[in-house]
Amino acid sequence: MPFESTTPADLPQGVSAPSQLGSALQDQSKAKFKSLAASRFPSVVNGTSAGNPADVAGPLGFVVDLFAGFAQNVAQSDPAAIQGPDDLHELVTDFFDGLPLVGVLIDIRDAMMGNYEGDDPVLQAIDSFMGSLAGLVNTVQDFVHSLVDAILQAIRGIPVVGGTLADIIADVGNLNDTAVTAHSAATAAEANTATLAENINSATTGGSAGGSGAIADAFDTIASIFGIADAAQKTAMAAQQQLQDITESTPEGGFSWSTIFAGSDGAALSGTDWPTGSSQIVIRGDDGYVGIQSGSANGVYHKLSAYSYVTDTQSVSTVLGDRPPLAPGYDTGLCLRCNSDMTTGAYCLVDRESVMVGKFTRSGSSWTYTPFTTQSIGIGQGDIIRFRASGDNYFVQVNGITRVSVTDTGATVAQGASYRRAGFLQQRGTQAFLTVDSFRMASFAMSDWVPAGAGVTAASWRLRRGSGDEVGLSVGAGGQSVMPSGFYTVEDLASAVTVTDLGTGQVTITESGWYEISASSINRDDSSDASTTSVGSVRSYHRTADAYRPTLWVLYVDGTAIAGPIMSGVPTTVYLAAGQVVRPGVSASWPLTPATAGGDSSTYYMVGGVSAISGVSGSPSASFTGRKVAS
């Protein structure tokens, strides 16, 4: 085709006329390579999630822009300085540093957590972007292939009309030598980029890593970020659920307070909310969780809330943050029934595999734990741990399910107005030469709470023996006795009455009226007897060590038995005046008859019945209940 009659606009895309060679070959700018590469994509891609390849605000344009910079670096380099692929490392630093492996994906995590403060339009529309992320990752390899082809064509040489190859070589000098070296490097970069794309896709879908070095590290970084975001989202949702729960469970007139921790790494907790305790308890990490300050020594650290409960029926809860990285054994604890300097109270300690409940005392930095129970329960980040106390009974819920129920049988934890504070503790230790902390905490809440049945407004009560073996009680045949000390362990309900002594079941009436009252339990007689009658040859014999029977019960009012014996569980109705004290008792009047008898020609055996009582039991259903039925 003659040069003189050729119009450059009529030439195919990417083909230059001789008159254009000067500017085409001398322009090795990033803008040129970006325009050239972007033009290789069909216009239909502009409407996809990849975006316009010429627009750096979109995912595809972002990659195009990075590769344009890479192409400029190669084209403008001294050919003598490029002897192999390793010589290109410094030239592609900007590309790899600019890939969204750390900065952008951390911004994605922040956006997922509601903390993003940038102006990137993709991150501002994170919901839309995340929805299209999978599609973007699946097609990024196609984009890269097309992009590399465009860049390589621009570096290798440009087809022209007319002239000879010698003319082109004379004009471009040593460009072809540089292009050959760049082609090899770009081919390796293309393979690495394909592996990188596969790693991004695998990390977001739970696959495995490919490649090595920084390419493989990208998988770990992205998988970690998506895991952190998922755990953080679960923890945030649990904290909101915790706030809703205490709002619904706090009785009218009761106290409740909660906080979701937040702040920069190392920031101190509010002195208004947490005036007492260890200064080493601070905000840790990017998520705003509470933990032990970096550099602090091994030990137990604590904080005591400034606020107080109204009653002795108390609840304290937390949403757990990061979990410890190594083996279990370091504890985060919730404490209630604390005094004003948190030197005594009840505790619930959790690690990754167990929950412990008991009484604590503290002297300086020395803590003494007296356990009531330890249960093997798996615990993890985002779990809601709720510790509650009613009477001498303690309960632990994990995510709303009661997992531990135990009684302080000796009533060792003090109660009353001086023991209505709550706090928490955390522990640091060393394992395998590494510092290990217990669970951090995302939130804290405390409130008076409503135990089972507390919504009842009529004067009523229900006391139970919630756990434990038989309690010794010696009652001779035909005799009566009040219930033994420590028999009842759980106060399920006490409305408009006062439980004067839980263990023996003593209840003080505050409203005069007619009350329907019942009691239930079982008893045993472990005695045996063999005796000769006055006849001389007739003997009576009994042995009932393993025989149980329902207890005939007796109602005592102000220390006097006024009704009974009554069948176990059957109620009686009596009029009671305000101030009178009621309590249950037993009647040893239900005989047991051994099942065998015998004799010989000279001696006859008579089977003797027995009704004595050696002990009472019946947990967890043995109970003493009452309710006002009329004024």
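Me: Which hand does the crossing of H2 and H3 have?

Reply: In this predicted model, the crossing of H2 and H3 is right-handed.

Me: Where do those two helices sit in the chain, and at what angle do they pack?

Reply: H2 covers residues 30-38 and H3 covers residues 59-75. They pack at an angle of about 130°, and their axes are 8 Å apart.

Me: Why are H2 and H3 called oblique to each other?

Reply: The idea is to look at which range the angle falls in: over 145 degrees counts as roughly antiparallel, and 65 to 115 as roughly perpendicular. The angle here is about 130°, so H2 and H3 are oblique to each other.

Me: Which residues in H2 and H3 meet?

Reply: On the H2 side you'll find Lys30, Phe33, Lys34, Ala37 and Ala38. They meet Val64, Asp65, Ala68, Gly69, Ala71, Gln72 and Ala75 in H3. Sorted by class, that contact has 7 nonpolar, 2 polar and 3 charged residues.

Me: Okay, on to cavities. How many of 30 Å³ or more does the structure hold?

Reply: There are 3 of them. The largest has a volume of about 50 Å³.

Me: Which residues line the largest cavity?

Reply: Going along the chain, the lining is Met483, Tyr488, Ala519, Ser520, Ser521, Thr551, Trp553, Ser568, Pro584, Gly585 and Val586. By class, that lining divides into 6 nonpolar and 5 polar residues, with no charged ones.

Me: And which strands each supply at least two residues of that lining?

Reply: Strand S23 (513-520) and strand S31 (581-587) do. S31 gives the largest share, 3 residues.

How values were computed: Residues are numbered from 1 along each chain as its sequence is written. This is a predicted model: local features need pLDDT of at least 70, side-chain atom pairs count only at pLDDT 80 or more; totals for chains, interfaces and linings use all residues. Side-chain values use heavy atoms; hydrogens and water are left out. Axes are lines fitted to C-alpha atoms, for helices over the stretch in contact, and angles run from 0 to 180 degrees between N-to-C directions. Helices (H or I, at least four residues) and strands (E, at least two) are DSSP runs, numbered from the N terminus. Angles under 35 degrees count as roughly parallel, over 145 as roughly antiparallel, 65 to 115 as roughly perpendicular and the rest as oblique. A crossing is left-handed if the near helix is turned anticlockwise from the far one by less than a right angle, and right-handed if clockwise. Contact means heavy atoms within 4.5 Å. Ala, Val, Leu, Ile, Met, Phe, Trp, Tyr, Cys and Pro count as nonpolar, Asp, Glu, Lys and Arg as charged, and the others, Gly among them, as polar. On a 1 Å grid over the protein atoms alone, a cavity is a set of points where a 1.4 Å probe fits but cannot get out, and a pocket is an open set with protein on both sides within 12 Å along at least five of seven lines; lining residues have an atom within 4 Å of a point. Grid points are joined across faces, edges and corners, and a volume is the space filled by probe spheres set on the points.
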